[in-house]
Amino acid sequence: MEARLSVGEELDLGTAGRSAGDQFVFGGDLTSTEGGEEHVVGSIGGFCVITDLERNAGQCASTAVLPEGQITVQGRQAGIPVPGPVVNAVTGGTGAFRRAHGQVTQRVLTPATWQLTFGLLDVRPYRPEDGRGPDEAPRPVRPSLPGK
């Protein structure tokens, strides 16, 4: 799967120039060449916060949105905004990915194209007896306030 970024913005926060706390915010389409032809299969969005100036590294978090649900990823990356190959943790998911764990390997092909290889464990298909569709989250419950 590849991430084709349409947004890749470096935010200079705090002290002018590269400093701890600066961010790189990104988003775009997830594509697949399954079947020999490239097609959009979802989207991705996330951010990195610079925490190590010497290595130009920081903590990154992203979410892949697919028809079957979402997959969240988190970890440290060096070389932001164009990191070398990195393996980060899959920290959770929704829908078919609600029990998923594992890791994702990210390799930058160009600054706007990243190759993502998900190694997921415990992914289960949606079953109607689960009570909701893969894209549906539980509906929020309005808190009850005593005396109101």
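Where is the place of P81? Here's the answer, along with a tour of the rest of this predicted model.

## Backbone oddities

P81 sits in the loop between β5 and β6 (86-93). The peptide bond leading into this residue, from I80 to P81, is cis, with omega near 10°. For background, most peptide bonds are trans, and most residues other than glycine have a negative phi.

That second habit has an exception here too. N56 isn't a glycine, yet its phi is positive, at about 50°. You'll find N56 in the loop between β3 and β4. With a relative accessible area of 22%, N56 counts as partly exposed, because the buried class stops at under 20%.

## Overall layout

The fold is easy to list: 0 helices and 8 strands. Going along the sequence, you just read β-β-β-β-β-β-β-β.

The protein has 148 residues, and 30% of them are buried. The exposed surface comes to about 9,000 Å², with carbon and sulfur atoms supplying 53% of that area. As for how the chain meets itself, take the contacts with a separation of 6 or more: 37% of them link residues 24 or more positions apart.

## The cavity

By the rule used here, there is 1 cavity of 30 Å³ or more. The largest cavity has a volume of about 190 Å³. Its lining has 20 residues, and the ones closest to the centre are F26, S62, Q77, Q106 and W114. Several strands pitch in with two or more lining residues each: β2 (23-32), β3 (39-52), β4 (57-66), β5 (69-78), β7 (101-110) and β8 (113-121). The top contributor is β4, which gives 4 residues.

What's the chemical make-up of the lining of the largest cavity, in nonpolar, polar and charged residues? It splits into 15 nonpolar and 5 polar residues, with no charged ones.

## S62, up close

S62 is among the residues closest to the centre of that cavity, and it lies in strand β4. Is S62 buried or exposed? S62 is buried, because its relative accessible area of 15% falls under the 20% cut-off.

Setting aside residues up to four places away in sequence, S62 touches F26, I44, G45, G46, I71, T72 and V73. One of these, F26, is also among the residues closest to the cavity centre.

## The nonpolar core

The largest nonpolar core holds 20 residues, and A3, L30 and I71 touch the most other members. The strands that put two or more residues into this core are β1 (2-11), β2, β3, β4, β5 and β8.

A3 deserves a look of its own. Ignoring neighbours within four places in sequence, A3 is in contact with D29, L30, I44, A112, T113, W114 and L116. Among those partners, L30 is another of the core members with the most touches, and W114 is one of the residues closest to the centre of the cavity.

## L121 in β8

L121 is found in strand β8. L121 is partly exposed, because its relative accessible area of 48% lies between the 20% and 50% cut-offs.

Leaving out residues up to four places away in sequence, L121 touches R99, A100 and H101. There's also a pairing with F97 to check in your viewer: L121 and F97 are 24 residues apart in sequence and 9.2 Å apart in space, C-alpha to C-alpha.

Terms used. Residues are numbered from 1 along each chain as its sequence is written. This is a predicted model: local features need pLDDT of at least 70, side-chain atom pairs count only at pLDDT 80 or more; totals for chains, interfaces and linings use all residues. Side-chain values use heavy atoms; hydrogens and water are left out. Buried means under 20% relative accessible area, exposed over 50%, partly exposed in between (1.4 Å probe, protein chains only). Contact means heavy atoms within 4.5 Å. Accessible areas come from the Shrake-Rupley method with a 1.4 Å probe; for residues, only the protein chains shown count as cover. On a 1 Å grid over the protein atoms alone, a cavity is a set of points where a 1.4 Å probe fits but cannot get out, and a pocket is an open set with protein on both sides within 12 Å along at least five of seven lines; lining residues have an atom within 4 Å of a point. Grid points are joined across faces, edges and corners, and a volume is the space filled by probe spheres set on the points. Ala, Val, Leu, Ile, Met, Phe, Trp, Tyr, Cys and Pro count as nonpolar, Asp, Glu, Lys and Arg as charged, and the others, Gly among them, as polar. A nonpolar core is a set of buried Ala, Val, Leu, Ile, Met, Phe, Trp, Tyr and Cys residues joined through side-chain atoms within 4.5 Å.
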